[in-house]
Amino acid sequence: MTNTEKVLITTEFIKLDSFLKYAGLTDTGGQAKEMVLEGMVKVNGEVCTRREKRVRLASIELNNFRNIAAMQLNAVPGVNVIHGENAQGKTNIIEAIWLFTGAKSFRGAKDKEMLRFGQKKCSVHTVFATAMREQTASIELFAPSQSLLEKKSKSVHLNGVPLESAAELAGQF
């Protein structure tokens, strides 16, 4: 039986071979690299043979998100520059992308504050690629309902599969 320990990683990316050495699971970086390349390491439950996990945003679509009525951004490989006048939504786009990390808004905003003024729902859909495959994710936020029957305030999906919370996206994006 194998003991599994969860470790919170707060950097943009890690090299798995360096992490295995740091964790004391191997004595040398060479041994760790061999473990990774031989498929002996799992990341998010899947065998990972890459030393680094990187994600590339392919596209993001926003509807009624903050001051953005509707927008689609198709990212290109490499560097993408978002520019514009003040208060036109640049930070809102970054915030929408950030939500797919499984974290809450970096602005400390409540979900209802991300809905465009006067709207009952907003949605953010993304297509992103890892070394292993292309995936889709979506988050829908709903205005607080006056009805006690409708308590749903958020809907999160990964590849069309409903998730309990956005936190389940952590490690995917």
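Start with the rings: searching this whole predicted model turns up 1 aromatic pair. Select tryptophan 98 and phenylalanine 106 to see it, an edge-to-face arrangement with 6.1 Å centre to centre and 75° between the planes. The planes count as edge-to-face because their angle is over 60 degrees. Colour by accessibility and you will find tryptophan 98 partly exposed, at a relative accessible area of 37%, and phenylalanine 106 also partly exposed, at 41%.

**Into the core**

Next, select Ile60, Leu62, Phe65, Phe100, Val124, Ile139 and Leu169. These have the most contacts inside the largest nonpolar core, which has 24 residues. To see what surrounds them, show strand S3 (56-65), helix H3 (90-99), strand S5 (121-129), strand S6 (134-142) and strand S7 (154-158); each gives this core at least two residues. A separate core of 5 residues includes Leu20, Ala32, Met35 and Val41.

Now click on phenylalanine 100, in the loop between H3 and S5. Is phenylalanine 100 buried or exposed? With a relative accessible area of 1%, phenylalanine 100 is buried. Leaving out residues up to four places away in sequence, its contacts include Ile60, Val124, Ile139, Leu169 and Phe173. Draw a distance from its C-alpha to that of valine 124: the two are 24 residues apart along the chain and separated by 9.2 Å.

Move on to isoleucine 139. Beyond its neighbours within four places in sequence, isoleucine 139 is in contact with residues including Leu99, Phe100, Val124, Lys154 and Leu169.

**Charges around helix H3**

The structure holds 4 salt bridges. Select glutamate 95 and arginine 66, whose side chains meet at 2.6 Å, N to O. Glutamate 95 sits in helix H3 and arginine 66 in the loop between S3 and strand S4 (68-74), 29 residues apart. Both residues are buried.

Keep glutamate 95 selected and add arginine 107, a second salt-bridge partner with its closest N and O atoms 3.2 Å apart. Arginine 107 belongs to the loop between H3 and S5, so this pair ties together parts 12 residues apart in sequence. Glutamate 95 has 0% relative accessibility, whereas arginine 107 is partly exposed at 38%.

While you are in helix H3, show asparagine 92. Asparagine 92 is buried at 8% relative accessibility, and its contacts outside the residues up to four places away include Phe65, Arg66 and Arg107.

**Last stop**

Finally, select lysine 154 and aspartate 111, joined by a salt bridge at 3.1 Å, N to O. Lysine 154 is in strand S7 and aspartate 111 in the loop between H3 and S5, 43 residues apart.

Conventions. Residues are numbered from 1 along each chain as its sequence is written. This is a predicted model: local features need pLDDT of at least 70, side-chain atom pairs count only at pLDDT 80 or more; totals for chains, interfaces and linings use all residues. Side-chain values use heavy atoms; hydrogens and water are left out. Rings of Phe, Tyr and Trp (its six-membered ring) pair if their centres lie within 6.5 Å; planes under 30 degrees apart count as stacked, over 60 as edge-to-face and the rest as tilted. Buried means under 20% relative accessible area, exposed over 50%, partly exposed in between (1.4 Å probe, protein chains only). A nonpolar core is a set of buried Ala, Val, Leu, Ile, Met, Phe, Trp, Tyr and Cys residues joined through side-chain atoms within 4.5 Å. Helices (H or I, at least four residues) and strands (E, at least two) are DSSP runs, numbered from the N terminus. Contact means heavy atoms within 4.5 Å.
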